[in-house]
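Welcome! Please take a moment to look over the sequence and the model below before reading on.

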Amino acid sequence: MNSSCIIVSFSVLIIWLSSNVHKVLGQYSDIRCKCVCPSTEVVNGSKTERNLYIGNVPPDECNCDGVVLSQIGYDLKNKEREFCPRCECHYESRNTTTIRVVVIIIIWAVSLLVVYMLFLMCLDPLLNKKRSTYEEYRDEVTMEEPVSPVTPHQSPTPTVFNRVGQQQDKWKRQVQEQRRHIYDRHTMLN
Amino acid sequence: MLKVSSKDMEIMETDSLIKRRTSHNVKMSSTEQTIYQSVNGPEGPLKTSDSLENTESTKKRPRYVSSDDEMIDITGTGTTSEANLSQSHAGSEMDELPPGIGQYDDFHTIDWQRDIARDRMRHRYIIKKRTEGIWDFVRGIHDAWSGWLCVLLVGVAAGAVAGVIDIGTQWMKDLKEGVCPQAFWLNQEQCCWSSNDTFNEGDHCAQWYTWAELFGHFRDDAWAFIISYILYVMWSLVFAGLAVLLVRTFAPYACGSGIPEIKTILSGFIIRGYLGKWTLVIKSIGMILAVSSGLSLGKEGPLVHVSCCIGNIFSYLFPKYGKNEAKKREILSAASAAGVSVAFGAPIGGVLFSLEEVSYYFPLKTLWRSFFCALVAAFILRSINPFGNDHLVMFYMEYSRNWIFVELIPFIILGILGGLIGTIFIKGNIMWCNYRKQSLLGKYPITEVLVISLITAIISFPNIYTRMNSSDLIKLLFSQCGVADISPLCDYNRNFTNVNSRIEIAEAGAGVHRSLGLLTLALIFKLCITIFTFGIKVPTGLFIPSLVMGAIMGRMIGIGMEQLAYHYPYLWVFQGACSTGENCLSPGLYAMVGAAACLGGVTRMTVSLVVIMFELTGSVKYIVPLMAAVMASKWVGDAFGRRGIYDAHINLNGYPYMDSKEEYIYTALAADIMTPRRNESPLCVITQETMTVDDIENILKSTDHNGFPVIVSQESQYLVGFVLRKDLTLALANAKKTQEGVVGESHILFTAHSSQSSLGPPAVKLRKILDMAPITITDQTPVETVIDMFCKLGLRQVLVIHNGRLLGIITKKDVLRHIKQLGNEDPESVLFN
């Protein structure tokens, strides 16, 4: 049941996220042209520490003229022809939507697991204690009255709950077994 | 139950009635022979199928096929046994058997021959049915392509999961330092990706806030440092703590690297739950957390485990693979190739890794499937583009420079150093793991992880090269210094006054010298902390830390060589290449060669490692340097200890792994290592028709053997077959449930027809579960031959006979114990069945 819950919440999340894909802020656009140039001192321009120029331009304009000169043209003092060959421009694209969806899924998964872990650590021992005492009590009752009728306290959908409970118990036993191998007996994965 | 004393053995005569079918295979009494023929009878085209199988089996044998006469003989045995087994079942279909038969228990060894024979039988059944109708035809087609379909799905899923893990790690690793408040899902690089207000690469832009800035402290002073320090340590502890808690709560099997266990599983061992869905989920998330916590570990090894989990899960969609452990391992081999393919962006390297390092049984068919699976996985990851650099890995580099001959000397020196580092690491780590296993330390896994991550974080933060994520560090060390690099590592006294000049080698500045000091500290720290980190109870990979150590070492030697060439450009060894050339010795290339050497020293991989490294650099020009370094590192490593880290861990844990690459030179005979030894209690056997249900149940109760030989009678001791405990238990329970009139006195029949009168309660016929063709050897067979048979045929046990009479049994565990005993190790450290 837990896994189906997770799947449902994820799919809802993904639908919601994909519906407002285009609301990403302008600062975080998906394309860029990145130019790396030496300092303008190389061509006796005015001193600047700047090496990196980023512009949001179409791929065919991703070059020194389109990105670098528009920003520091006045520093170069008409030495553009000498400066530009030293620049390396790359057109790059990314997909922030994928990053966003994946990161949100990971946050969800981690928090769900943490919540479930806390549940297993704190609440589950209490619940199990109650359940086991209840079952013991019922066992005693049935031993006293072998032909007792169906107990009225049975839940209306016993099969689903029982099956989930059984699955969970089975899984817990397996994890217990794994823990015994690794943490107690140190037979594996040392 | 029988008692075979050594005296009896000696006086046994060759029974003239025994027909020797093959050199050391099934031997039967005359009565048996007739039964055997009657079984063969209904199977019409026996000859053709037999010959077909001969060709098939030569293809499908495990690798390292030797051409010795002996080996050919063994092939014959295997083939015949397969034929016998399939014939003994051929009349009936598998689904008549009670469910669960043919499955294995947890921590058991599989019987490759039996499983492959089962699959062949199933295959023949489908081929036969194919002509009967359109539905059967479709089923036949589906069966034929299901292998390819399965690896396609595995590849797609592995690529997608790797993409998620890469993106998650990218995001989470920067959380230790700051956050991008407007778009919290972006890391520093992505946050500043399109902002035009930074002056240099790597600067943090206005949108990115460090934790100190987020608390309103904008000056760059001691307080900012302290706040960042505290937050860095805190986040490290939180991530590491979460990882270890999740692993402990949901899937303890998700800890560690996983490759030793995958190797063991692929060699034919069952570890239930090791490749399950919880392991997959927890390992993926734990990996993200562990890498982000800044611990000295990587995600590449665990990715192999993760993709094997995916392979296992998808194989259940196809009963052909899900229900047959030997066939399932073909899918797992392909999945491990996909794992490396996505971890390093090296599809071919992945296939070779699967072949060289993890797989045990690797027929050509699996090679092609692995190839396809790796291709699909790489394609999917590439289309996700997790790093935004159009490559599959963080540290993809392109070099264009040629190397000159004299550089081979530093490359080989790097190889030697890599081998030494690998040896130190393996010895130290094994000692520490052994200590953890035996001492109280093993009782506190959570505390251990927290302490290690606290120490790591506290020591890492002050040093810029250890503070950054390991993958980023590798990228930095691999890269060449460009025109605009202002990082201290690229602080050369360059003169750019003339634009037309090229980027020449230059004298190292103060920044480079300072970096060398910091890098030395980083190398020592990484080596020490990785020894203690590998083996803690979070997902820990080993590739990245080894690559980092090697890259640091390589970069330092590279800078040394570069300065040598700068100061003495006219030395004859440089062949004038550096007097004019552009960037003649690049330290980045040395870093790459060093990384390969160090990884080679730790894992002892050769071919696959070189291929992975040149796929990383996108150039085949550097194959020779890489090969030289890796070979040197392997030689040096092997001189100090034969085992790579994975084999050392297999040995430490006592997994029943028989290395098919090793050679064994022993002089013992089969009689010396079999059970029962001389003067021991007799072997527990079952007779073919005289035992009752009660007898069998008593045997099952009083012993814990995993299988029982079936003999003709206590008097004659002639071998009939072998029956597995699990099958016997299931079949008995099934017979009691379904067959009427079965009581304790009912006879158990392993023959086709009862020779006794049909008085008394109805007999239980268990012929179907009997393996009529167990592999047998004589008591005089040398142990080397026995070991070869176990390695190459993938056996679980062999029966030892003398003149056709059963003497004893040799299991894989017996052989492993014997090997350990002769290697002066504790034979009791082999733990499982």
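The report below walks through several features of this structure, one topic at a time.

## A first look at chain A

Please keep in mind that this is a predicted model. A good place to begin is chain A, which has 190 residues, with 38% of them buried. Five helices and three strands make up its secondary structure. If you follow chain A along its sequence, these elements come in the order α-β-β-α-α-β-α-α.

## A nonpolar patch on the surface

Next, turn to the surface of chain B. Seven residues matter here: B:Ile409, B:Ile412, B:Ile413, B:Ile416, B:Leu417, B:Leu420 and B:Phe640 form a nonpolar patch. Together they offer about 560 Å² of accessible area.

Which helix gives the patch its largest share? That is helix α17 of chain B, spanning residues 408–438, which contributes six residues. One residue to look for is B:Ile409, which sits in helix α17 of chain B. The relative accessible area of B:Ile409 is 52%, so this residue counts as exposed, the cut-off for that class being over 50%.

## Spaces inside

Rolling a probe the size of a water molecule over the atoms shows where empty space is left. Searching the whole structure turns up 13 cavities of 30 Å³ or more. The largest cavity holds about 160 Å³ of space. It is lined by 21 residues, and those closest to its centre are B:Val291, B:Leu295, B:Leu297, B:Asn469 and B:Ser470.

Several helices of chain B help to build this lining. At least two residues each come from α18 (445–460), α19 (464–467), α20 (470–478) and α21 (510–533). What classes of residue make up the lining of the largest cavity? There are nine polar, seven nonpolar and five charged residues.

## Salt bridges within one helix

Over all chains, the structure holds 23 salt bridges. In chain A, the side chains of A:Arg180 and A:Glu177 form one, at 2.4 Å from N to O. Both residues belong to helix α5 of chain A (residues 158–184), where they are three residues apart, about one turn of the helix. Are these two partners buried or exposed, or in between? A:Arg180 is partly exposed, with a relative accessible area of 35%, and A:Glu177 is partly exposed too, at 31%.

Chain B has a pair with a like arrangement: B:Arg118 and B:Asp115 both lie in its helix α5 (residues 112–129), three residues apart, about one turn of the helix. Their side chains meet in a salt bridge of 3.4 Å, N to O. Here both partners are in the buried class: B:Arg118 has a relative accessible area of 15%, while the value for B:Asp115 is 0%.

## A bridge between two helices, and a network

Another salt bridge in chain B joins the side chains of B:Lys736 and B:Glu697, at 2.6 Å from N to O. B:Lys736 lies in helix α30 (residues 725–738) and B:Glu697 in helix α29, so this pair ties together parts of chain B that are 39 residues apart in sequence. B:Lys736 is partly exposed at 43% relative accessible area, and B:Glu697 is partly exposed at 23%.

Salt bridges can also be found linked to one another here. B:Asp119, B:Arg122, B:Asp143, B:Lys327, B:Glu330 and B:Arg369 are connected in a network of salt bridges.

## Two buried loop residues

Finally, have a look at two loops of chain B. B:Thr692 is in the loop between β5 (686–687) and α29 (693–702). Its relative accessible area is 14%, so B:Thr692 is buried, as that class takes in residues under 20%. What is the distance in space between B:Thr692 and B:Ser746? Their C-alpha atoms are 5.3 Å apart, although 54 residues separate them in sequence.

B:Tyr361 is found in the loop between α15 (347–358) and α16 (364–384) of chain B. With 5% relative accessibility, B:Tyr361 counts as buried. B:Tyr361 and B:Lys792 are 431 residues apart along the chain, and their C-alpha atoms are separated by 8.7 Å.

Key. Residues are numbered from 1 along each chain as its sequence is written. Chains are lettered from A and ligands numbered from 1 in the order in which they are written. This is a predicted model: local features need pLDDT of at least 70, side-chain atom pairs count only at pLDDT 80 or more; totals for chains, interfaces and linings use all residues. Side-chain values use heavy atoms; hydrogens and water are left out. Patches are made of residues with over 30% relative accessible area and no salt bridge: like charges are joined within 9 Å, nonpolar side chains (Val, Leu, Ile, Met, Phe, Trp, Tyr) within 5 Å. Accessible areas come from the Shrake-Rupley method with a 1.4 Å probe; for residues, only the protein chains shown count as cover. A salt bridge is a side-chain nitrogen of Lys or Arg within 4 Å of a carboxyl oxygen of Asp or Glu. Helices (H or I, at least four residues) and strands (E, at least two) are DSSP runs, numbered from the N terminus. Buried means under 20% relative accessible area, exposed over 50%, partly exposed in between (1.4 Å probe, protein chains only). On a 1 Å grid over the protein atoms alone, a cavity is a set of points where a 1.4 Å probe fits but cannot get out, and a pocket is an open set with protein on both sides within 12 Å along at least five of seven lines; lining residues have an atom within 4 Å of a point. Grid points are joined across faces, edges and corners, and a volume is the space filled by probe spheres set on the points. Ala, Val, Leu, Ile, Met, Phe, Trp, Tyr, Cys and Pro count as nonpolar, Asp, Glu, Lys and Arg as charged, and the others, Gly among them, as polar.
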